[in-house]
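Student: Could you walk me through this one? I'd like to talk about rings and charges to begin with, and then about the sheet.

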Amino acid sequence: MRIPVGRALALALCALAPFDAGAQDAWPARTIKFVVPSSPSGGTDLYARLLATALAEPLKQQVVIENRPGGAGNIGAVAVAKAAPDGYTFLVSGNPSLVINPALYKDLPYNAERDFAPVARGVVNPLVLSVLPEVPARSVAELVALGKRDPETIAFASAGSTTATYFGVRLLEEVSGARFLHVPYKGAGQAYQGLFSGQIKFMLADMGTAIPHIRSGKLVALAATYSTRMLPGVPTMAELGYPDSDVSAVFSVVAPAAIPRGIVEHMNAAINSVMKTPWLASKLEEAVFIPVFETPEQFAATLRRDREKWAAIVKRLGIKVEQ
């Protein structure tokens, strides 16, 4: 007999470790806010909205989304870093705010390690290198050949010059010798608008938002950035000889640093629980969001490793923030 989703979630949350006594016992007592430091229509926003919907029942509170785009994710990140650490404001962010921007900005208006409490790693979303159908390339090798023949003329869109959608192409250039023209946008939604205008020829996009365009024929997928194949007939960059181009997007949840430990543990367990429920699991699979079930401590260690990884990439490529 199948247990209803609501009852399954309730049973799962009953098993959560009790957290600190006092005011925390009533948490959550009102609406929770997820701040997304990017515009709607991108992968981060999609994950945040799916997660918010799934959490509403077990937490018995509405979870609302507040998009705070701008500043390469810094505006939204600062808003959460300075928010009251009471468990009612969380940051749902991609790679830039948490692990890339610290290596790019000398005067970052927040400290990515000290100002946030890691809550849940969330999901990994592979990127997919896709071209417009009119581009005469049906493989990465053919795209690279175009980039070598006419350097800095074939334009690619990115969701911003601090995102994995940008760095992945630069890593491809590093090992292939091709050179492309970068056109940054403020988020994935605007990047797709530029791409479909015809002026931009290709994009390394998060798979969750790219798949509908690939299925409709508006884009042609050449390769994906992940250790294993996620799309039928689409090879991985590693298979093609570009292992360093595996720079998938990660959408995670953090909170203001001084948030009570009990609330962190409660939210971590709630997020990990709902990602296993049939409804959310199917939505994540549809968007090619790969759930990662880490404790807050494991997530903190992952963030430290990722910051070191991205700092090395930024230094090696000599990347400067494009204003």
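Tutor: Before we start, a charge counts as sitting over a ring if NZ of Lys or CZ of Arg is within 6 Å of the ring centre and within 35 degrees of the ring normal. Please also keep in mind that this is a predicted model.

Student: OK, so how far is Lys276 from the ring centre of Phe293?

Tutor: Lys276 lies over the face of Phe293, and its distance from the ring centre is 4.9 Å. Another such case is Arg30, which is placed over the face of Tyr88 at 3.9 Å from the ring centre.

Student: And ring against ring, how many aromatic pairs are there?

Tutor: The structure holds ten aromatic pairs. One of them joins Tyr47 and Phe289, whose planes stand at 85° with the ring centres 6.1 Å apart, so this pair is edge-to-face.

Student: Where do Tyr47 and Phe289 lie?

Tutor: Tyr47 belongs to helix H2 (residues 43-59), while Phe289 is in the loop between helix H10 (278-286) and strand E11 (290-292), so the pair ties together parts that are 242 residues apart in sequence.

Student: Buried or exposed, those two?

Tutor: Both Tyr47 and Phe289 are buried.

Student: What about Tyr166 and Phe167, what kind of pair is that?

Tutor: Tyr166 and Phe167 also form an edge-to-face pair, with 5.5 Å from centre to centre and 70° between the planes. Tyr166 has a relative accessibility of 4% and therefore counts as buried, and Phe167 is buried too, at a relative accessible area of 0%.

Student: Which residues do ring pairs link into a cluster?

Tutor: The cluster linked by ring pairs consists of Phe156, Tyr166, Phe167, Phe180, Phe202 and Trp310.

Student: Switching to the sheet, what's the strand order?

Tutor: Five strands make up an open sheet, in the order E7-E6-E8-E5-E9, and the pairing is mixed. Strand E7 (181-184) and strand E9 (220-225) are at the edges and have a single partner strand each, so one side of each is left without a neighbour in the sheet. On average, neighbouring strands here are turned by 25° against each other, with direction ignored.

Student: In what sense do E6 and E8 pair?

Tutor: Strand E6 (residues 155-158) pairs with strand E8 (residues 202-206) in the parallel sense, over two bridges. Phe156 has Phe202 in E8 as its bridge partner, and both residues also appear in the ring cluster mentioned above.

Student: Which helix packs on the sheet, touching E6 and E8?

Tutor: That is helix H7 (residues 188-196), whose direction makes about 155° with that of E8.

Key: Residues are numbered from 1 along each chain as its sequence is written. This is a predicted model: local features need pLDDT of at least 70, side-chain atom pairs count only at pLDDT 80 or more; totals for chains, interfaces and linings use all residues. Side-chain values use heavy atoms; hydrogens and water are left out. Two strands pair if DSSP finds at least two bridges between them. Helices (H or I, at least four residues) and strands (E, at least two) are DSSP runs, numbered from the N terminus. Axes are lines fitted to C-alpha atoms, for helices over the stretch in contact, and angles run from 0 to 180 degrees between N-to-C directions. Contact means heavy atoms within 4.5 Å. Rings of Phe, Tyr and Trp (its six-membered ring) pair if their centres lie within 6.5 Å; planes under 30 degrees apart count as stacked, over 60 as edge-to-face and the rest as tilted. Buried means under 20% relative accessible area, exposed over 50%, partly exposed in between (1.4 Å probe, protein chains only).
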